[in-house]
Amino acid sequence: MLGWDVASAGHFNENHSRFISMDQKTMSETKTERIVHGIMAEFTSVDSLLDACRRVRDAGYTKTDAYTPFPVHGIDRALGIKPTVLPWIALAGGLSGTLIALSMQIWMNGIDYKYIISGKPFISLPAFMPVAFELTILLASFGAFFGMWALNGLPKFSNPMFTDPRFDRATDDRFFLYIDAKDERYDADGVRNLLTETGSGYINEVVEDDSPKEVPKPVFLVWGLMVAFSIVPLLCILTMRVTNSSRPRFHVFFDMDFSPAKDAQQVTSLFYDNRAMRPDVPGTVARGQLSESLDMMTGINVEELAQQNAPRAERLVRAYLQGDEQAKAEEVAEVSEQDPPADEADADAAEEGSSDEQPAQQDSADDASAEDKPAEDKPAEEKPADDQPAAEKSAEDEPGKEEPAENPPAEEKPAEDKAAEEPTPSESSPQATGNASQPSVMETTPWLKQNPLTIDADLLAAGKKQFGIYCSVCHGMDGRGNGLVNRRAQAKGFDTWVPPASLHQETLYADQYPDGKLFSTISNGIRKMPGYASQIQLRDRWAIVSYVRALQMSQNASMEMVPESRREEIEREVTQVKAELERQAEEAAKAAAEREKKSS
Amino acid sequence: MSLAIPNGLDNTVERPGERAPLVLGETTYHDITEAVCQVAERPPSKGWIAGFLVAFALLQVLGLLILYLFYIGVGVWGNRSPIFWGWPIVNFVFWVGIGHAGTLISAILFLFRQEWRTSINRAAEAMTIFAVACAGTFPGIHVGRAWLAFWLAPYPSLNLWMWPQFRSPLLWDVFAVSTYGTVSLLFWYMGMVPDLATFRDRSKNKWRRMAYGILSLGWSGSSRHWMRYEKAYALLAAFAAPLVLSVHTIVSFDFAVSQVPGWHTTIFPPYFVAGAVFSGFAMVLTLMVPTRTLLGLEKLITIRHLENMCKIILATGSIVGLAYGTEFFIAWYGQVPAEQFAFINRAFGPYWWAYWTMVTCNVISPQLFWIKKFRTTPWIIVVISIFVNIGMWFERFVIVVSSLSRDYLPSAWAYFTPTWVDWGMLIGSFGLFFTLFMLFVRTLPIINMSETKATLAKQEHMAHMHVPAQAPLEAP
Amino acid sequence: MSEHAAPVVKPADDPAFQLPASLASLQLPLMSGGLFALVVGVGLAFLVGSGGALDQGSNVMPRFGFSAYLTAFMYVLTIVLGSLFFVLIQHLVRAGWSVVVRRVAEFMMIMVIPMAILFIPIVFSLFFEGSLYVWTIPDFAERLHLDESMWNTKKSFLNGPFFVIRAVIYFGIWIAMALFYWRGSTGQDETGERAATDRMQYWAGPCVMLFSLSLTFAAFDWGMSLAPMWFSTMFGVYIFAGGILAAHCAITLATYLLQRAGALRQEVTVEHYHDLGKYIFGFVFFWTYISFSQYLLIWYGNIPEETEWFFSRQRGIFGYLSLALIFLHWMLPFVGTMSRHVRRRPGLLACWAAYILVMHFVDIYWIIMPEARALGHEVVPTAGGVLGVLASVLCVVGMGSLVLGLILRVAGGNRVAPVRDPRLMESIVFENI
């Protein structure tokens, strides 16, 4: 629209020559057919214009205006123009800018998104001043700028004044005085006479702009096409956002997605072990890793242990507080009744230079239990001599795995591995597997009797969640040892499969199997079960302990244990379930009977 | 008493009680229109085409280097620990500073009724906007992932669920520079509307007429419109004047709120503002002196205009010198070892060359403007202005690099070396600036015609009034 | 444009350019009363300082007496120097509008000579260790556990003799400049020589530079060194901002009073008040800008050496004064002088000018008086109770009246406008757009 009106304002330009060629008389004749808005007079100097303005004002005309190429001071007085309300608009803009800025900053940084930075209060008024100032200025300027155009009624591209080609010089060096036909005193001849008296060299009627108002079709076409095309990319983006795709993400910007730093398991020639990811420096603990007490980290009452078995307590301190990997490996192997993981042992050997063995080629991702890795340390000494068959067995346990050739299969298989072969329930009680002369570590360790965390609904919920993620796949959601993995193994009939233990055995209840021991088992694993210390957060492991206790309790619960307020509800549920079960049983019986009938 | 030196030659001499003319020659309103419009209406000269092509080529350098930066990452710059603010921030502060002259001329000199501003304000405002465009580029690409720079805006994001940090001076900067850019643009455009109407009314070509017609919003020169227009102009000037101060003040806060030795000093806000005006005027002079000659605008942009700008350079240069001195004195007086070291290090450390270049260009070279010969000879003005530009670039270099390269932690000290990308982007930013300027010269009215005509009218009016300039002298 | 009646410049001996008798008769009462009030005020302040009057806690030290005097001195001096700067800048930019009010500024500017004499008590204070500037205490470093070598370096600047030498230099510069412009301007009254205007303009540039340098260092010496371990590069600008604002207010108020008394009735018009009002508004903003920037940078940086200064001003009565400065020195006059309608009403504008002059005193008081406390960071500064405030007010009123009396005395012997300035006509017909 806008564009075309401008052209229409320019339309007369094409007729320019035609107008010029006509003489004054014919022109006014042609124009009588068009609507007359008023009369304009041209002046060549500021002074003559001002003079004329005063005369026109004194003659009583009010609907007048002057058109000048630059602002002429005093003309507002000469024409009687009133002052403008613009400053108030700007003031309103400025005040709203201040308010918006202050409330925005207080809301965003003081209330909605609190973030501590450089020790400043959340609501830091001095720091909010600059933005408040800027927005004040910005909105005040908007008020002044847009307010001015709005008050002036601009943009307005079609203006009767523009119909006279001489008016082009109003923006160059000519001054025009205009008297509107709507003025009460307007009378064409009188006005003409008055203006002639003022010494104007050119007086003419201002007529309606009759150039075509319709916007030409091509403009619509082009506009429509542009809109259509501009929507296409938006649609593409929208489609991509709401649909799934199996193809890799399309990278407009790389965002460092291919940065080498993103690849965790890299080989580097910089370090002796060729690993780009570095283990902890011995004797140190990484920041944030030392958040809880040693008791809580191990599940052992270390104070008591120190009195019974000082070397082991020292080892615990080394392992958990000083980052001694070797000690940790020993400790884990002992409490999980397994070998120490091979890689730690290797690293240690390499460090000491006492072993000429090459580090075993390893598949570090999946050998958390690492039965098949060499280790020649203390655990071996503690094991009985007859563990060779066990080792062989354990090698058979995992058919997919080959033993490295240079691996002496002897020494490192713990005797307790036998237990793994035995089906439940005896596996959970190590003393049953022999070795009765010497009480095992698991027996003698002074485990924490109680969960160190405060047990509440949140903790149980967290425990339930973690149990569902990590434990239930083998132990089942109900803890009876019949998780999905077990069912699949049974279905496939793997004869080497050791079914996971049911958690509902008396030997696993809190009086026989203290919380600390259960925690240790979760953390470090036991026999075939791998340790989960690296996957589950410390507190979550304790949460699982609490949840397992709750699970166990649930199987032997009596109505007295339920809070009175909920008993009714549960009883109702029980009756419902019973009824449902009976109904199903009946249906099943009926169905069976019918089937029998049919088959017979 | 008639003027000793009539219109036309030297208007740098002003007899007390009589104002020297700002428009020279027997000029009429129409002459002003002609002189300004012919610049855009005549076919482009070979010189213009050549200049535009060079500038445009440099702009491509900037564009390609930015793409390269996006592709590889910010490592292509010389920014290394501990100098994380290298050339991009130096260039940013440099360009923002350049962008201060325009609005200062249009706003503050307007408020001070300095009528000589009328024939240079348009071009200076244009330079402001182009310089702010150059300036905005650098922090934009310095954020690392530039395509996420919109995270700086406080918009309710469904992805982030967080808000920008308003207690950070860097965010103040975002608001200050964008507000400044916006208000300068409004101010510039508003001032241009009556002149665009002149362009519209002179256009012979229909499409040209339509384009200028849209831009001039149907301006007719009505007195009522003029009255509101002038009010709005005065209001915008009143808003823009503190805004100019605030922008470089906030840029100075980026540095001064920190505790880096050499940055944390309270004089920074006024000192940065003075420095910005200083460099901005130098850039205006560097460009306007050749432009007025090439485009034949000597009658409108007279030696007197140039001289006045030189005086402003002299004044602001002296303020900057005083600030350097105060900083040094307080560093000694405060007796804080790190602060003392920072200043000694600036002058005699590994960046001594940058420091002394800065002092020579910024403090010593403008002092030449005490000599009238120097501030009225165009080519000397250009030479000194270029020195000032160089000096102000080095000032930012000294502040950013020398302070960061040696702060509290000696083990982290390092020496900054720019890469070829740094160089290319600096040069490329000039390409952006000059490309925009070249286009501006060809398409828009480079001198404020309506205001110049008003000045001429006033000049004539005063001459007509024959007001005795002083009381008739009586015998004592 | 040419609607008003053709203006005329009155002859130089016209009564419009003479100090009205009603004002001239005030000079003796003002001088004697001022001197009396000053003496009583200082005496009272010493009394409060010695703790002999009322028990206002042990925080008020003998420094109170000299500090109250210094407050009054700095208050008047900043206005005087602001006027000097006003005159310099009008010449530098060849201003036309301000000619009719320039002589008023010149009267205040020339008061820099009596101010030099009024400085003598401050020199006197140096002989009594710690009676005003704590750096005069010989064992200052030991008492505050400062590093000895660092303190010795600092003492090479902050020591009695050098302090006096610098003061002599500052006053030398200011008196020379004031005399030069005074003679140039009053001389022109007699001769009407145009070259005098040229000469004054020629020297304005170097004078402004010298002025800013000397004012910066004077502010460091007399204001900043009250807390010798504190430093802020902005401090000189801060003092300048307050002074130039107060000077514009004083010019407005004085011109208004002159007109009320009958002088310059036709010469100074509403247009001049409008312009002065714009400058007052602008400098209120400028003062806020400078003081806010200084505060923000120190607050944000949060370095103990720097925050100490504001810390002592955020406690006790000075905490309220800090808030008062924000609301009453910035917001209220900022809003009050924003409107064109206020600026174009001379009476109203003069009220605002008087108000800001009071606030300027609060500002100076807030800068100086908190340092009149016992050594140690934990000491809360006090205003010395009712008597202390009374003493401070008496000091400033006394010194102000004394100087005002002197101004009237000087004005009585001269014309109250530069009657033969070549730009006088331009100034009289001046009109705001």
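This report describes ring pairs, charged side chains, one chain interface and the make-up of one chain in a predicted model.

## Aromatic pairs

A pair of aromatic rings is described by the distance of the centres and the angle of the planes. Over all chains, the structure holds 118 such aromatic pairs. One of them is formed by Tyr113(A) and Tyr115(A), whose ring centres lie 6.1 Å from each other with an angle of 15° between the planes, and this pair is stacked. Because planes under 30 degrees apart count as stacked, the angle of 15° places the pair in that class. Tyr113(A) is partly exposed, with a relative accessible area of 22%, and Tyr115(A) is also partly exposed, with a value of 40%.

A second pair, in chain B, is made by Tyr68(B) and Trp420(B), with ring centres 5.6 Å apart and planes at 40°, so this pair is tilted. The two residues belong to distant parts of the chain, since Tyr68(B) lies in helix α2 (residues 46–72) and Trp420(B) lies in helix α15 (residues 420–443), 352 residues apart. Tyr68(B) has a relative accessible area of 32% and is partly exposed, whereas Trp420(B), at 56%, counts as exposed. The value of 56% leads to that label because exposed means over 50% relative accessible area.

## A cluster of rings and two charges over rings

Ring pairs can also join into a larger group, and here one cluster takes in residues of chain A and chain B. From chain A, the cluster holds Phe142(A), Phe145(A), Phe146(A) and Trp149(A). From chain B, the cluster holds Phe110(B), Phe187(B), Tyr189(B), Trp219(B), Trp226(B), Tyr229(B) and Tyr233(B).

Rings also meet charged groups in this model, as two arginine residues illustrate. In chain B, the charged end of Arg442(B) sits over the ring of Trp48(B), at 5.8 Å from the ring centre. In chain C, the charged end of Arg166(C) sits over the ring of Phe162(C), and here the distance to the ring centre is 4.4 Å.

## Salt bridges

Side chains of opposite charge can pair when their charged atoms come close. The count of salt bridges over all chains comes to 33. In chain A, Asp173(A) takes part in two of them: the side chain of Asp173(A) meets that of Arg169(A) with an N to O distance of 2.9 Å, and Asp173(A) also meets Arg174(A), with an N to O distance of 3.4 Å. Which of these three residues are buried and which are partly exposed? Asp173(A) is buried, with a relative accessible area of 7%, and Arg174(A), at 17%, counts as buried too, while Arg169(A), at 33%, counts as partly exposed. The values of 7% and 17% give the label buried because that word means under 20% relative accessible area.

In chain C, Arg313(C) forms a salt bridge with Glu371(C), and the closest N and O atoms of the two are 3.0 Å apart. This pair links distant parts of the chain, for Arg313(C) is in the loop between α13 (304–312) and α14 (317–336), Glu371(C) is in the loop between α16 (346–368) and α17 (385–412), and the two are 58 residues apart. Both Arg313(C) and Glu371(C) are buried.

## Arg102(C) and its surroundings

Chain C also holds a network of salt bridges that links Arg102(C), Arg103(C), Glu106(C), Asp189(C) and Asp421(C). Of these residues, Arg102(C) is placed in helix α4 (residues 99–109) of chain C, and at 4% relative accessibility Arg102(C) counts as buried. The side chain of Arg102(C) makes a polar contact with the side chain of Asp421(C), at a distance of 3.1 Å. Leaving aside neighbours within four places in sequence, the residues in contact with Arg102(C) are Val87(C), Gln90(C), His91(C), Ser185(C), Pro418(C) and Asp421(C).

## Where chains C and A meet

Between chain C and chain A, 12 residues of chain C are in contact with 15 residues of chain A. The two chains bury about 1100 Å² between them, and 67% of this area is on carbon and sulfur atoms. How many salt bridges, and how many residue pairs in polar contact, are counted between chain C and chain A? The count of salt bridges is zero, and the count of residue pairs in polar contact, with both residues at pLDDT 80 or more, is one.

## Chain B as a whole

The secondary structure of chain B comes to 16 helices and zero strands. Chain B has 476 residues, and buried residues make up 63% of them. Among contacts in chain B between residues at least 6 apart in sequence, 80% join residues that are at least 24 apart.

Notes:
Residues numbered from 1 in each chain as written. Chains lettered and ligands numbered in written order. Predicted model: local features only at pLDDT ≥ 70, side-chain atom pairs only at ≥ 80, totals over all residues. Heavy atoms only, no water. Phe/Tyr/Trp six-rings, centres within 6.5 Å; stacked < 30°, edge-to-face > 60°. Buried < 20%, exposed > 50% of the residue type's maximum accessible area, 1.4 Å probe, protein only. Helix = DSSP H or I, 4+ residues; strand = E, 2+ residues; numbered from the N terminus. Lys NZ or Arg CZ within 6 Å of the ring centre and 35° of its normal. Salt bridge = Lys/Arg side-chain N within 4 Å of Asp/Glu carboxyl O. Contact = heavy atoms within 4.5 Å. Buried area = accessible area lost by both parts, 1.4 Å probe. Polar contact = N/O pair within 3.5 Å; in protein donor to acceptor, adjacent residues only side chain to side chain.
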